[in-house]
Amino acid sequence: MSVTTAIILNKRRMSKKTKNYPVVLRVTFNRDPRLYSLGIYLSAEDFEKLSSPRLGIKLREIKEKLEKEEQRAKTIIKNLRKFSFQAFSDEFFAFASHARKRPAKTASPASTDLKGMDADRGTDATAEDRRNGIRRQNFKNQFGKRKYPPLKSEMDFRALGEVASHYGNYILKLEAQDRIGTAGCYLSSLTSLLDYFPQLRFSDITELELHRYEKWMKEKDNSITTTSLYLRCLRRIFDIAIAKKLIDRDLYPFGPEKYIIPIGRNIKKAVPIDDIQRIYEYQSLDANKIMCRDFWFFIYLANGMNVKDVAMLKLTRSSTLAGNVNGDFRYVLR
């Protein structure tokens with residue numbers, strides 16, 4: 001069965017303050033219609049005007065927003081391998097600026113029908129109720145003192161907002177590929193961004209705010225390299241959301257004429273030969289200092305071998321040299 005969508009005015013729910021009706025997205029599957037709030041209230045007269053070719057500035061903006069929301073819904077339906085109201089609700093509300101997902105313990109919006117809306121996103125709730133009812137959880141609330149589980153994908157990223165939900169999906173993919181280090185970089189990027197952007201919506205991340213974020217990172221004594229790493233992760237998340245057509249290309253804040261991610265300077269300085277001689281001739285009664293000196297020289301003479309590679313060296317016995325009956329000892333990397 002095909003899935004159909006339509007923008008309608010739900011006259012069964014009326015705002016007592018404004019006397020307007022909520023504009024909702026109706027999704028029908030197997031003759032079963034479900035309503036999804038779009039966060040817009042209009043009078044019946046204004047809703048009828050939306051079909052007119054000549055509109056005022058305000059109504060034209062509302063019409064464009066409604067068309068984008070319906071197109072986004074159609075894109076989500078098209079990308080779902082097997083349609084279900086639960087899967088559609090999770091995708092649709094994960095990236096909607098007007099309705100944020102509650103923590104996992106709350107009721108699912110898939111239970112809504114024409115007789116009633118979901119309490120979290122229902123059109124009978126005021127904007128103030130939604131702001132008070134749907135609160136952003138942070139990492140500390142979920143795990144206490146920022147102690148994360150070994151698998152970062154176990155975290156409830158959806159409770160942190162639309163951008164965090166994208167981060168969570170990508171971290172899940174990285175962990176499936178055993179790219180644990182990269183997943184940790186994305187988690188660090190998200191944590192830093194949440195400290196600066198409390199809500200972290202795509203629409204809030206503008207060119208100006210990124211410049212302010214860069215300055216904020218500098219004031220917190222973070223290096224340009226760290227800032228660059230975090231923002232490259234964010235740029236990747238933007239690219240994914242745009243590729244899936246979940247956000248407009250106009251929201252992309254990066255580019256030659258927009259915000260350019262800073263590049264850290266990696267200045268390599270050679271150690272003078274006199275300093276190397278001083279290190280070689282250094283003596284101390286402290287055995288630990290002598291061991292550190294020896295390790296430094298070993299790494300230096302091994303062309304800057306990685307410290308982890310040094311720790312992985314194994315002592316093996318080799319008897320491959322002719323004339324060496326007992327064999328010689330060699331260090332090899334395993």
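This is a short chat about helix 8 and some aromatic rings in a predicted model.

Q: What should I know before looking?
A: The model is predicted, so local features need pLDDT (the predictor's confidence in each residue, from 0 to 100) of at least 70, side-chain atom pairs count only at pLDDT 80 or more, and totals for chains, interfaces and linings use all residues. Residues are numbered from 1 along each chain as its sequence is written, and side-chain values use heavy atoms, leaving out hydrogens and water.

Q: What is the average pLDDT of the protein chain?
A: The average is 77, and 75% of the residues score at least 70. Over residues 99-136 the pLDDT is below 50.

Q: Which residues of helix 8 are buried?
A: Glu209, Leu210, Tyr213 and Met217. Buried means under 20% relative accessible area, exposed over 50%, and partly exposed in between (1.4 Å probe, protein chains only).

Q: Why do they line one face?
A: Seen down the axis of helix 8, they fall within an arc of 100 degrees, so they line one face of the helix. The arc is that of the directions from the helix axis to the C-beta atoms.

Q: And what is on the face turned away?
A: The exposed residues Lys215, Lys218 and Glu219.

Q: New topic: how many aromatic pairs are there?
A: A search of the whole structure finds 21. Rings of Phe, Tyr and Trp (its six-membered ring) pair if their centres lie within 6.5 Å; planes under 30 degrees apart count as stacked, over 60 as edge-to-face and the rest as tilted.

Q: Why is the pair Phe254 and Tyr259 edge-to-face?
A: Their planes are at 65 degrees, with the ring centres 6.2 Å apart, so the pair is edge-to-face.

How values were computed: Helices (H or I, at least four residues) and strands (E, at least two) are DSSP runs, numbered from the N terminus. Contact means heavy atoms within 4.5 Å.
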